[in-house]
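Me: I'm new to this one, could you walk me through it? Let me pull it up first.

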Amino acid sequence: MKNIAFIFPGQGSQATGMGLDLYNNFESAKKVYQTADKILNKSISKICFEGPDETLKQTTNAQSAILATSIAALEALKEASKGEIKAKMAAGHSLGEYGAMYAANVMDLETTFTAIQKRADLMDEATKLKTGAMSAVLGLDTEKIKECLQEVQSLGVAQIANYNDPTQTVITGETQAIEKANELIKESGAKRVVPLAVSGGFHSALMQSATEGFSTFVKDLNLNNAAIPVITNVDAKITTDKEDFRIKMPKQISSSVYWVQTIQLMLNEGIDTFIELGNGKVLAGLNRKICPPEVKTYNVYDSQSLNDTLNGILSLV
């Protein structure tokens, strides 16, 4: 069997209708959505399956909806493979880290949903305290981006949110500072600068109130040591101790997501196959830019993609 890592996508991967095929075809996936509906006291399954888009993309719904779909995909994979496909490591992009922690048994299902909803609500509250903006920068070296961000500090918070792939970096911060940074970054030779349709400056100091609120929340959260290593966003390091997760979970809300470095560490640790669990193929796209061509990323988001993944991986045994 290959050395497999499970990876889980973050906010922005949502689409109305996601997970419905898994719900209809796998009892284990159906149970995930039913548990989410019960724990969250709202029909997250209906929001996933029927939308509307405006409701689905609201932070307070999107995070739990995306996570429910990712965990449903994971449970369907376990069911269909009869537990034969196992991961050596796990990681998730931003909120996807909660899928990774669930996969590593750091939290049970109920705790995972309770935690992600609290995180989403606190982040949503933080966006109302101070408006923020985010932009994707394509085709510019991160050191040049940092120089541009340094130049706009007098206008407000401006920092890197996500190191997504070697050609794509996301910046975040206060609206005025980010708008000026966009101009400087274009002048510095970026291929494209794309303002993102988000409700706030996520993964920046603007999320400090959410970080503080979540820090209090996680003190009493029931966590376990990880059954497999999780590579955490805040530092791209192997994490297994439950108390380390307790420290890193709040920090992650206002820190950069070191995704390139996370995947590179996994490759250095011998991972040669990735399975992206959740809607879409965002992380598979990033992996194509980060990984050597022989490294394959499979996807699980419906019955067809699950069958393709099973056939692909089990043929390698």
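Me: How are the strands ordered in the open sheet of 4 strands?
Reply: In this predicted model, the open sheet runs in the order β4-β5-β3-β6, and its pairing is antiparallel. Strands here are DSSP runs of E with at least two residues, helices are runs of H or I with at least four residues, and both are numbered from the N terminus; two strands pair if DSSP finds at least two bridges between them.

Me: Which are the edge strands?
Reply: Those are β4 (158–165) and β6 (192–195), each of which pairs on one side only. On average, neighbouring strands of the sheet are turned by 25° against each other, direction ignored, where axes are lines fitted to C-alpha atoms (for helices over the stretch in contact) and angles run from 0 to 180 degrees between N-to-C directions.

Me: And over how many bridges do β3 and β5 pair?
Reply: β3 and β5 pair over 7 bridges in the antiparallel sense, and Ala136 stands opposite Val170 in β5.

Me: Before I go on, what are the ground rules for the numbers?
Reply: Residues are numbered from 1 along each chain as its sequence is written, and side-chain values use heavy atoms, with hydrogens and water left out. Because the model is predicted, local features need pLDDT of at least 70 and side-chain atom pairs count only at pLDDT 80 or more, while totals for chains, interfaces and linings use all residues.

Me: Switching topic, how many salt bridges are there?
Reply: The count comes to 9 salt bridges, taking a salt bridge as a side-chain nitrogen of Lys or Arg within 4 Å of a carboxyl oxygen of Asp or Glu.

Me: What does Lys130 pair with?
Reply: Lys130 forms a salt bridge with Glu174, and their closest N and O atoms are 4.0 Å apart. Lys130 lies in the loop between α7 (109–129) and β3 (132–138), whereas Glu174 is in strand β5 (residues 168–174), so the pair ties together parts that are 44 residues apart in sequence.

Me: Is Glu174 buried or exposed?
Reply: Glu174 counts as buried at 18% relative accessibility, while Lys130 is partly exposed at 44%; buried means under 20% relative accessible area, exposed over 50%, and partly exposed in between, with a 1.4 Å probe and protein chains only.

Me: Which residue does Arg246 bridge to?
Reply: Arg246 forms a salt bridge with Glu243, with the closest N and O atoms 2.9 Å apart. The two are 3 residues apart in helix α11 (residues 242–254), so about one helical turn separates them. Arg246 is buried at 15% relative accessible area, and Glu243 is partly exposed at 37%.
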